[in-house]
Amino acid sequence: MDLVLSKEAINNIVGVLDEDLLRAGADCALLVDRSGNLIVTRGDPANLDVVALAALSAANFGATSEIAKLIGEDDFALLFHKGKNENIHFTKVGKGFILITLFGKDVSLGLIRLKTAKVTDQLIPILTGEQ
Amino acid sequence: MSFIDLSKNEVQCKVVYYGPGRGGKTTNLLYVHQAMTEAVRGKMVTIDTKGDRTLFFDFLPLALGKIQNLSIKIQLYTVPGQVMYNATRKLVLKGVDGVVFVADSLKVQKEKNVESLDNLRQNLAEDNIDIGEIPLVLQYNKRDLGGSNIPILSVEEMEEDLNNRLQVPWFTGSALKGDGVFETLREISKRTVKQVSRKLLSR
Ligand SMILES: Nc1nc2c(ncn2[C@@H]2O[C@H](COP(=O)(O)OP(=O)(O)OP(=O)(O)O)[C@@H](O)[C@H]2O)c(=O)[nH]1
Ligand SMILES: [Mg+2]
């Protein structure tokens, strides 16, 4: 069950996040696993406690999956929280990972949705070692 | 689930403090937090606390230096001990690499300790983890109450109740005063990292 990622795999993930999310205007993109480990952080999270964000996001996602089960859903594929200036978007990546995207009010949610869907498809083979 | 990042030569593992309500899990983390320098520990996150009862979890990330070439990062979590929060405990237990079971030395908590250990065994089994296989350390907490007028369990009795079959390392402690806190942490870290690297080598 342990995850080991090579330098190449990490570089590939970094490339995907930079290319699709940061270039689209996201402030920050993080990949975490569902036990709360922080796998990759991109963007400028200067004042952001990314380790705590990873742990809390994993827990939040876990709690939300339980809610999904209660209402007869398997899981929710994404979560979105809207703030005054900053928004946060969570996407499920495969069974074991979560992609977290932070973006400001000048970036549209539609664009982020489109990009995260694309990123998710690219990340799964890297994370499962099929690339 | 541990995560090994070969681009940074870093391993991240998850250690969960488990045990009956009010046993001293949060107090263990608070002690570690205040005793360690900022270079070693990150920010402690305590969410959803009602009085001093944990409702979701506490979280404390530590950077424990290097073993051979590998930087060791350990994330400490506590679960809510109260019986009714089992769904939350399962959630926090997800991907666990090592467990500290904090048992309460108060005589009145004798059964609660056993129940909580059984609950741990069951919750791990649901995730296909055998309690006999995962790194596990017991802490018999609140030993400072020995000699007060509050009846406490003898260490022999706690060993008999909790560790008879498991035969795992155990420590007496007083999380409130800090006794045994680092001994417990050191042992679980050592065992967890060893198990993770064993799995890594056998890949
Ligand atoms: N005398 C004594 N009191 C302790 C010790 N450790 C914890 N306590 C006290 O016991 C109470 C409960 O401790 P917590 O650390 O909050 O217990 P917990 O296991 O996190 O409890 P839950 O969050 O409900 O699961 C607090 O009032 C602590 O101050 C100890 O070693 N000795
Ligand atoms: Mg607590």
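## Surroundings of ligand 1

In this predicted model, 21 residues surround ligand 1, and those that come nearest are Lys25(B), Thr27(B), Thr54(B), Gly81(B) and Asp144(B). By residue class, the shell around ligand 1 consists of 9 polar, 6 charged and 6 nonpolar residues.

Two elements of chain B, helix α1 (25–35) and strand β5 (53–54), each contribute at least two residues to this shell. The largest share belongs to α1(B), which provides 3 residues.

## Polar contacts and burial

Oxygen atoms of ligand 1 are approached by two threonine side chains. A polar side-chain atom of Thr26(B) is 2.8 Å from an oxygen atom of the ligand, and a side-chain N or O atom of Thr27(B) lies 2.5 Å from an oxygen atom of ligand 1. Asp144(B) faces a nitrogen atom instead: an N or O atom in the Asp144(B) side chain is 2.7 Å from a nitrogen atom of ligand 1. The protein buries 87% of the 650 Å² that ligand 1 exposes when taken alone.

The site of ligand 1 is the second largest pocket.

## Ile10 in chain A

In chain A, Ile10(A) belongs to helix α1, which covers residues 7–22. Ile10(A) counts as buried because its relative accessibility is 6%, and the cut-off for buried is under 20%.

Ile39(A) is 29 residues from Ile10(A) in sequence, while the C-alpha atoms of Ile10(A) and Ile39(A) are 8.4 Å apart in space.

Technical notes:
Residues numbered from 1 in each chain as written. Chains lettered and ligands numbered in written order. Predicted model: local features only at pLDDT ≥ 70, side-chain atom pairs only at ≥ 80, totals over all residues. Heavy atoms only, no water. Near = heavy atom within 4 Å. Polar contact = N/O pair within 3.5 Å; in protein donor to acceptor, adjacent residues only side chain to side chain. Areas by Shrake-Rupley, 256 points an atom, 1.4 Å probe, with all protein chains shown as cover. 1 Å grid on protein atoms, 1.4 Å probe; cavity = no way out; pocket = protein on both sides within 12 Å on 5 of 7 lines; lining within 4 Å. Sits in = over half its atoms within 2 Å of the grid points. Helix = DSSP H or I, 4+ residues; strand = E, 2+ residues; numbered from the N terminus. Nonpolar A, V, L, I, M, F, W, Y, C, P; charged D, E, K, R; others polar. Buried < 20%, exposed > 50% of the residue type's maximum accessible area, 1.4 Å probe, protein only.
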